[in-house]
Amino acid sequence: MAARRLACMAIEMRQFGRTGMRVSALGFGAAEIGFENASDHVVDAIVGVALDTGINVIDTAAMYSDSEEKIGRALRGRRQQCLLFTKCGRFLPSRLSAAGLHLRLGMKLRQILGKADNAESLTWDPRALRWNIDESLVRLRTDWIDLIQLHSCSEDTLRRGEVIEVLQRARQAGKVRHIGYTGDGPAARYAIQCGQFEAVQVSINIADQDAIDLTVPLAQQQCMGVIAKRPIANALWRSPQRPESIHNQTYWDRLQELRYDFLQDERAFETAIRFTLSIPGIQTAIVGTTNPAHLRHHAEFAATGALDRHQFDRIRARWKAVASPDWVGQM
Ligand SMILES: NC(=O)c1ccc[n+]([C@@H]2O[C@H](COP(=O)([O-])OP(=O)(O)OC[C@H]3O[C@@H](n4cnc5c(N)ncnc54)[C@H](OP(=O)(O)O)[C@@H]3O)[C@@H](O)[C@H]2O)c1
C-alpha cells in the first residue's frame, strides 16, 4: 500500500537557492551511519532506498567517523545520481601522520611567536581545512563536492575571514561547486549576512523552531539554499528516560514541556517530518537513520507533500506559547 503510494507520488524537487542545483525536499543525513558504525550492507541498502525514492541529497562530514568512506563506497558507479554535501573543520589529521605533525609543529611555532590567537585555531587553521577538503574528495571517491560547509565554527572565526577564503579557493580550483555554513544562532545569522555563502544548514524541527524567524527569512532574501538538520528532533519523544547524551537532553526536555498531542498517535513520525518539510524557505530536510526501512517511510511521508495547514499552525502556536527565550537553535 505504502509502496503504491510512493509510486504515484514523487518527492518534490526544489530550487536550491541561487546555486542552480535542484534538491529533493527530503535528503539523507549520514552522521548516524558513521557514529553507529552501520555495516556496508546496511549503507548499500540505505543509499539504494535514497536513489530509488528520488532522494538526491546526501549530507556527511569529515568528522562523522567513517561516514564519508561508507558513502563513497556505496556510491561507486552511481556518483552522478546524487548531490554530495560534506563539511570541513572539527577534524584533524592524526598526530602520527606527516600532515598532522606539520600542522601541530606550525601551531607550536606560531604560539611561541605569539601569533596563535584562540583555542579554535588549530581546527580552523586554513591548512587543516585545505587538508580536510582534499581528504574528503579521496574518501568520497569523487572529483568534486557539490556543497562544502564550514562545520559550525564560531562567529569570531567566521569574521576573521580566512576560513571562508579556503572554501572560495577550493571552489575556484573546481574541487567544490558551492560553499556553505552549517550552524545555528548568531553565527548562522552572520554567515547569511556576510553574503559569502550560497547555502546554510540550521537545526529545525518540532523542538527547535528558533531558526524559523531568526535565519530562514534572511537566507531566503539572500536567495540562499537552506537545509534543515535534525529534522525530526532525533525522535526523542520515543525515549522514556532522559537521554544520557547532553546533545539530546535539550530536545528531550523541551518535548516534555511541549507535550504535543500528535506525538501520541501512530502518525507521529509523519507529522514531525512533514512539519519541517512545510516550513517556507526550507529546501531540503536531511533525516538521519541507520535503518533503510525508516528512510523509505520518510520518503513516503515526504511524497505526500505539505502538512495540513491547520496542523502546521497548531504546532507553531504551541511552540510560541511554551518556548522560552533561551530555547535557541541547537547544534
Ligand atoms: N552541526 C551540524 O552540521 C549538524 C548537527 C547535527 C546533524 N547534522 C546533519 O543532520 C542529519 C540529521 O540529524 P540527526 O540524525 O542528528 O537527527 P534526526 O534526523 O532528527 O533524527 C535521527 C534519529 O531518528 C531516528 N529515526 C529516524 N527515522 C525513524 C523512524 N522512522 N522510526 C524510528 N526512529 C527513526 C534515527 O534512528 P534509526 O537509526 O533507528 O532510524 C536517529 O536516531 C545528520 O545526519 C547530519 O547530516 C548536522
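Me: What makes up the contacts in the chain between residues at least 6 apart in sequence?
Reply: With contact meaning heavy atoms within 4.5 Å, 78% of them join residues at least 24 apart. This is a predicted model, where local features need pLDDT of at least 70, side-chain atom pairs count only at pLDDT 80 or more, and totals for chains, interfaces and linings use all residues. Residues are numbered from 1 along each chain as its sequence is written, and side-chain values use heavy atoms, without hydrogens and water.

Me: Why is the chain called as compact as a globular protein of that length?
Reply: Happy to explain! The chain has 15 helices and ten strands (DSSP runs, H or I of at least four residues for helices, E of at least two for strands, numbered from the N terminus). Its radius of gyration, over C-alpha atoms, is set against a globule rule of 2.2 Å times the number of residues to the power 0.38. The value is 20 Å, close to the 20 Å from the rule for 331 residues, so the chain is as compact as a globular protein of that length.

Me: What share of the chain is buried?
Reply: Buried means under 20% relative accessible area (1.4 Å probe, protein chains only), and 55% of the 331 residues are buried.

Me: What makes a nonpolar core, and which residues touch the most other members of the largest one?
Reply: A core is a set of buried Ala, Val, Leu, Ile, Met, Phe, Trp, Tyr and Cys residues joined through side-chain atoms within 4.5 Å. The largest has 90 residues, with Ile71, Leu150, Tyr181, Phe197 and Ile206 touching the most other members. Helix H3 (residues 40-53) gives the largest share of this core, six residues.

How values were computed. Buried < 20%, exposed > 50% of the residue type's maximum accessible area, 1.4 Å probe, protein only.
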